[in-house]
Amino acid sequence: MKSVSKRILVVSGHHFADAPRRVDLHFMSDQLRSEGAAVDFLICRLSPISRFIGDGRYEHAKTRPINQWFRLDEGLEEFVWFAPFHPVNLRFGWLNAAIAPLYRRYGQFLPKAVIDRLPSYSHIVIESGPSPLLTRYLRKHAPRANFIYHAADRLETIRVHPCVIEELNRSLPLYDQVRIMAEAMRADFASQDRVVFVPHGISKTLFDEASVSPYQGERHAISVGDMMFDAGLIETLAVANPDWTFHLFGKKAQPSQPRGNIIVHGEVSFAAIVPFIKFADIGIAPYRAGAGADYLSQSSLKMIQYSYCHLPIVAPQFAAAGRDNVCAYDPDDPASMRAAFERAKVMDHLSIDTSDILTWEEVVERLFHTPEA
């Protein structure tokens, strides 16, 4: 294991540092800290507006110290930034245009405690979302840091305010790397020399060590996550397959109506989900269609986890490219959904190739330990 003396800042508008729903930023943080690095999370996209738009992150933020550094664990600190305002897509073009000049000044309100620490960072990771509005201000105070744009999602797909997209395009020269997790996203960026394709890794040891199935009986299908969740698919499959049990994980992963063969687990820890994935019979990726959502076939962490556990995957056609174990369906055709599930039932699990799946150690090596980094 490589020993490093680095300090990394992760700027996220979505994920608290110790959120129970773990994403790649958390796994990379764990790996970096295991190698001796210190990791700080700057949590943005919080303001008085959050309360009025029903942002669930607001309630969680109130349980934390606000606008100060807070030590969570060995080598892990968090700063929950509650700003005077934060950028919100107002949905109407004229309203968005009117508010854009104010949103562009978002970075001017960065707290002094954050600014004072910026020169100490070796790397600053800017997650897709509103965070690109801060890049110019962060770069000003951290001129020697290696800046990585973490393109977890297309900004159009997650419907950020248009000024964030404009600012990202203008500030791309300030980034040392643009990390994409799907080759389909490469063409989104004009500066190809900075774009690096590094797919998600997985915690292989956790999956390998899981030895006890949480299921009773046979025929279990699992859906993990709630991004662009299509309850209609689950309803169609549950009705057509009453002898199967469908397990839904994710805060907003809710069926269109209660059914005896649908179990809603809600948002639980990643460690709790691992055996459910490993011992399932079929993995489901119930994405709704959305702007530019084709990148999901490569960037979906759950689809990589499903694949590592040799699960056939039921997913929409737009998210099926490049995976031989995906049984694709037309999201507008219930008959196609049912047919895809039937194909998944009879797929040979042992034929699913896992040779190109990375560990988080390999992901961190490529992003933070290259000569350029």
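Which residue in E11 is the bridge partner of Val 224? I shall begin with that question, and the answer is Phe 249. Please bear in mind throughout that we are looking at a predicted model.

Let me place this pair in its surroundings. Val 224 belongs to strand E10, which spans residues 220–224 and is mostly covered, five of its five residues being buried. His 220, Ile 222 and Val 224 point one way from the strand, while Ala 221 and Ser 223 point the other way. Both sets are buried.

E10 has two strand partners that I wish to describe. With E11, residues 245–249, E10 runs parallel, and five bridges join the two. With E13, residues 282–284, the pairing is again in the parallel sense, over three bridges. In that second pairing, Ile 222 stands opposite Gly 283.

Between E10 and E11 we come to helix H9. The helix covers residues 231–240, and together E10, H9 and E11 make a right-handed β-α-β unit. At the N-terminal end of H9, Asp 230 acts as a cap: one of its side-chain oxygens lies 3.0 Å from the backbone nitrogen of Gly 232.

Is H9 largely enclosed or largely open? The helix is largely enclosed by the rest of the structure, because seven of its ten residues are buried. Those residues are Ala 231, Leu 233, Ile 234, Glu 235, Thr 236, Leu 237 and Ala 238. As for what they pack against, the list comprises E11, strand E12 (262–266), E13, strand E15 (326–329) and helix H13 (334–345).

I turn now to the nonpolar interior. The largest nonpolar core holds 99 residues, and within it Ile 124 and Ile 222 touch the most other members. Ile 222 is the residue we have just met in E10, pointing the same way as His 220 and Val 224. Leaving aside residues up to four places away in sequence, its contacts include His 247, Phe 249, Phe 276, Ile 282, Gly 283, Tyr 306 and Leu 311. Phe 249, the bridge partner of Val 224, is therefore also a contact of Ile 222, by the cut-off of heavy atoms within 4.5 Å. Apart from this core lies another, of 23 residues, among them Phe 229, Ala 238, Ile 262 and Met 337. Ala 238 is one of the buried residues of H9.

My last topic is charge pairing. The model contains 24 salt bridges, of which I shall present three.

In one of them, the side chains of Asp 40 and Arg 7 meet, with N to O at 3.0 Å. Asp 40 lies in strand E2 (residues 38–43) and Arg 7 in strand E1 (residues 7–12), so this pair ties together parts that are 33 residues apart in sequence. Asp 40 counts as buried, at 1% relative accessibility, whereas Arg 7 is partly exposed, at 21%.

Another is formed by Glu 74 with Arg 71, whose closest N and O atoms are 3.0 Å apart. Here Glu 74 and Arg 71 are both exposed.

The remaining example joins Arg 117 and Glu 77, at 3.4 Å from N to O. This pair links distant parts of the chain, 40 residues apart: Arg 117 sits in helix H5 (residues 112–117) and Glu 77 in strand E4 (residues 76–80).

Finally, Arg 7, Asp 40, Glu 77 and Arg 117 are linked in a network of salt bridges.

Conventions:
Residues are numbered from 1 along each chain as its sequence is written. This is a predicted model: local features need pLDDT of at least 70, side-chain atom pairs count only at pLDDT 80 or more; totals for chains, interfaces and linings use all residues. Side-chain values use heavy atoms; hydrogens and water are left out. A salt bridge is a side-chain nitrogen of Lys or Arg within 4 Å of a carboxyl oxygen of Asp or Glu. Helices (H or I, at least four residues) and strands (E, at least two) are DSSP runs, numbered from the N terminus. Buried means under 20% relative accessible area, exposed over 50%, partly exposed in between (1.4 Å probe, protein chains only). Two strands pair if DSSP finds at least two bridges between them. A crossover is right-handed if, with the strands pointing away from the viewer, the path from the first strand over the helix to the second runs clockwise. A polar contact is a pair of N or O atoms within 3.5 Å; within protein, one must be able to donate a hydrogen and the other to accept it, and residues adjacent in sequence count only if both atoms are side-chain atoms. A nonpolar core is a set of buried Ala, Val, Leu, Ile, Met, Phe, Trp, Tyr and Cys residues joined through side-chain atoms within 4.5 Å.
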